[in-house]
Amino acid sequence: MIIKMMVTLNLTNFNPDYFILAGIPGLEQFYIWIGIPFCTIYLVALAGNSILLYLIVMDRSLHKPMFFFLSMLTSTDLILCTTCVPKTLGIFWLKAHEITFPGCLTQLFFLHFSFFVDSAILLGMAFDRYMAICSPLRYTSVLTPRTIVKIMVGLVGRSFSVILPVVFLVKRLPFCRTHLIPHTYCEHIGVARLACADISINIWYGFAVPLMTIISDLILIGISYTLILRAVFHLPSIDARQKALSTCGSHISVILIFYTPAMFSALTHRFGHNIPHTFHIVFANLYVAIPPALNPIIYGVKTKQIRDKVILLFLSKGMQ
């Protein structure tokens with residue numbers, strides 16, 4: 001009995017020193033070449049989001065609610081891609097497959113945290129557009145700087161409170177079997193499945209709580225844009241309609257780029273048992289790299305204020 005209790009105690013306290021990230025099984029001979037587009041996309045994401053963030057911070061004419069939300073989105077996108085892509089490139093080019101257990105938990109937290117913050121910010125941006133188009137006379141009085149700060153704190157706090165329990169749910173698990181993670185980065189269920197204990201709590205929390213959070217965001221975003229479109233098509237001026245639709249177009253594009261792959265990935269993980277595991281890994285890596293790279297391009301092209309500021313920035317640099 002004593003020996004059995006000691007074994008149980010050892011298992012419940014057993015956290016590994018490190019994990020091994022397998023990368024993309026079956027494509028090892030192509031790692032050097034696969035890394036090139038990933039590195040290019042990552043550099044585009046870094047440059048685009050950094051320029052956008054710089055313009056919003058430095059230019060006082062962009063100190064408006066919409067651009068405050070946009071600055072938060074760019075910051076979160078930088079966290080999302082930087083959390084995963086450098087480690088993936090290290091696996092591809094340097095064969096750096098090891099990741100410490102604390103490092104794995106840190107990567108896991110910031111991966112899921114930035115995803116939920118992105119979703120919350122898109123909801124905040126939808127509310128901003130709703131107020132600007134449906135209640136323009138109340139826009140500046142409702143969305144004051146103080147209110148914006150409160151909204152941002154609330155969005156970050158909600159995401160933090162949803163994801164922090166995931167870290168403790170993983171940390172409590174004993175890992176007494178393989179330490180090989182069949183992926184390029186640490187994510188909740190992928191790590192939990194390595195444990196030699198019951199992970200039903202991890203599965204239910206990892207599926208139900210995030211799903212309810214994301215679906216509630218999607219429903220509220222859908223309601224906002226339904227009301228926005230109804231208000232837009234009741235505008236008397238064609239020019240006013242086009243301007244409003246152009247402003248909303250960039251937001252809708254970013255929403256589709258963010259949620260469509262996420263829903264596709266969730267459905268294929270749940271029901272696509274015949275889809276090769278290699279496809280899941282490649283798609284997951286593209287998902288953390290491509291949206292952060294495309295978002296600043298979309299806003300730079302579709303938002304006239306940002307487009308003009310970017311052109312002015314590069315023209316002034318070129319004349320020096």
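Colleague: This is a predicted model, right there above us. How many residues does helix H6 have, and how far does it reach from its first C-alpha to its last?

Modeller: Helix H6, residues 145-171, has 27 residues and reaches 39 Å between those two atoms. That is close to the 39 Å expected at 1.5 Å a residue.

Colleague: Which residues of H6 are buried, and what do they pack against?

Modeller: Go by relative accessible area, where buried means under 20%. In H6, the buried set includes Ile148, Met152, Leu155 and Ser159, and further along Val162, Ile163 and Val166 are among them too. The buried residues of H6 pack against helices H3 (65-94), H4 (101-134), H7 (188-192) and H8 (200-232).

Colleague: Now the sheet. In what order do the strands come?

Modeller: Three strands make an open sheet, ordered E2-E1-E3, with mixed pairing. E2 and E3 (180-181) are at the edges with a single partner strand each, so one side of each has no neighbour in the sheet. H4 packs on this sheet, touching E1, E2 and E3, and its direction makes about 85° with that of E2.

Colleague: Do E1 and E2 run parallel or antiparallel?

Modeller: Antiparallel: three bridges join E1, residues 18-21, to E2. Look at phenylalanine 19, which stands opposite isoleucine 99 in E2.

Colleague: Last one: what is the phi of lysine 95, and is that residue buried or exposed?

Modeller: Start with the general idea: most residues other than glycine have a negative phi. Lysine 95 has a positive phi of about 55° although it is not a glycine. You'll find lysine 95 in the loop between H3 and strand E2 (98-100). Its relative accessibility is 69%, so lysine 95 counts as exposed.

Terms used: Residues are numbered from 1 along each chain as its sequence is written. This is a predicted model: local features need pLDDT of at least 70, side-chain atom pairs count only at pLDDT 80 or more; totals for chains, interfaces and linings use all residues. Side-chain values use heavy atoms; hydrogens and water are left out. Helices (H or I, at least four residues) and strands (E, at least two) are DSSP runs, numbered from the N terminus. The expected span of a helix is 1.5 Å times one less than its number of residues. Buried means under 20% relative accessible area, exposed over 50%, partly exposed in between (1.4 Å probe, protein chains only). Contact means heavy atoms within 4.5 Å. Two strands pair if DSSP finds at least two bridges between them. Axes are lines fitted to C-alpha atoms, for helices over the stretch in contact, and angles run from 0 to 180 degrees between N-to-C directions.
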